[in-house]
Amino acid sequence: MARLKDLKRMCKAYDACIYCPMSEAGCASPNKFYDNADEIVDKWVSEHPVKTYAMDFFEKFPKAPKDPSGCPMPCIRLIYPEAMDKSCLEYTCKDCWNQPIPEDK
């Protein structure tokens with residue numbers, strides 16, 4: 001089921017509302033949403049996944065070696081030091097690499 005966070009991300013992705021899948025639904029007014037608004041947003045979210053640190057890394061270095069879980073071999077702290085403020089003992093590499101990149105970046 002679509003969340004408000006997903007709808008907000010979808011809205012921010014379009015410069016002009018006329019191109020947004022919800023444009024005719026009067027998205028500024030939730031009481032005018034289509035009955036299938038959840039489906040529209042869910043479809044958009046599946047087509048536009050949240051970018052993770054691993055996705056960003058492999059876009060820049062597509063031939064970089066991967067660990068057995070499919071994550072980049074180097075520790076995320078070496079590439080994106082701002083991404084980790086927790087101990088490596090608390091998380092797996094997969095947890096760290098698959099966290100979303102903040103949208104303001």
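The points below go through a predicted model of a single chain, from confidence and fold to individual side chains.

1. Confidence. The mean pLDDT of the chain is 83, with 87% of its residues at 70 or more. Among the elements, helix α3 has the highest confidence, at a mean of 95, and helix α1 (residues 4-12) the lowest, at 82. Where pLDDT is low, the predicted coordinates should not be read in detail.

2. Fold. The secondary structure comes to 5 helices and 0 strands, and along the sequence the pattern is α-α-α-α-α. Of the 105 residues of the chain, 28% count as buried. Among contacts with a separation of 6 or more, 44% join residues that are 24 or more positions apart.

3. Main core. The largest nonpolar core has 13 residues, and Y53, F57, I76, Y80, A83 and W97 are those with the most contacts inside it. Helices α3 (53-60) and α5 (93-97) each supply at least two residues of this core. The most comes from α3, which gives 4 residues.

4. Second core. Apart from that core lies another, of 8 residues. Its members include M10, M22, A37 and W44. M10 also belongs to the buried set of α1, taken up in the next point.

5. Helix α1. The buried residues here are D6, L7, R9 and M10. Seen down the axis of α1, they fall within an arc of 160 degrees, so they line one face of the helix. An α-helix has 3.6 residues a turn, so residues three or four places apart point the same way. The face of α1 turned away from the buried side carries L4, K5, K8 and K12, which are exposed. Helix α2 (37-47) is part of what covers the buried residues of α1. A reader of these details should keep in mind that confidence is lowest in α1, at a mean of 82.

6. Surroundings of Y80. Leaving aside residues up to four places away in sequence, Y80 touches Y53, D56, F57, K60 and W97. Of these neighbours, Y53, F57 and W97 are, like Y80, among the residues with the most contacts inside the largest core.

7. Aromatic residues. The structure holds 5 aromatic pairs. In one of them, the ring centres of F57 and F58 are 5.5 Å apart and the planes stand at 75 degrees; with the edge-to-face class starting over 60, the pair is therefore edge-to-face. Both F57 and F58 are buried. One aromatic cluster is formed by Y53, F57, F58, F61, Y80 and W97. The face of F58 also has a charged neighbour: K66 lies over it, at 4.9 Å from the ring centre.

8. C93. This residue is in helix α5. Is C93 buried, partly exposed or exposed? Its relative accessible area is 48%, so C93 counts as partly exposed, the limit for exposed being over 50%. With residues up to four places away in sequence left out, C93 touches D67 and C71. C93 and I76 are 17 residues apart in sequence, and their C-alpha atoms are 7.8 Å apart in space. I76 is one of the residues with the most contacts inside the largest nonpolar core, to which α5 supplies at least two residues.

How values were computed
Residues numbered from 1 in each chain as written. Predicted model: local features only at pLDDT ≥ 70, side-chain atom pairs only at ≥ 80, totals over all residues. Heavy atoms only, no water. Core = buried A, V, L, I, M, F, W, Y, C linked by side-chain atoms within 4.5 Å. Buried < 20%, exposed > 50% of the residue type's maximum accessible area, 1.4 Å probe, protein only. Contact = heavy atoms within 4.5 Å. pLDDT = per-residue confidence, 0-100. Arc of directions from axis to C-beta. Phe/Tyr/Trp six-rings, centres within 6.5 Å; stacked < 30°, edge-to-face > 60°. Lys NZ or Arg CZ within 6 Å of the ring centre and 35° of its normal.
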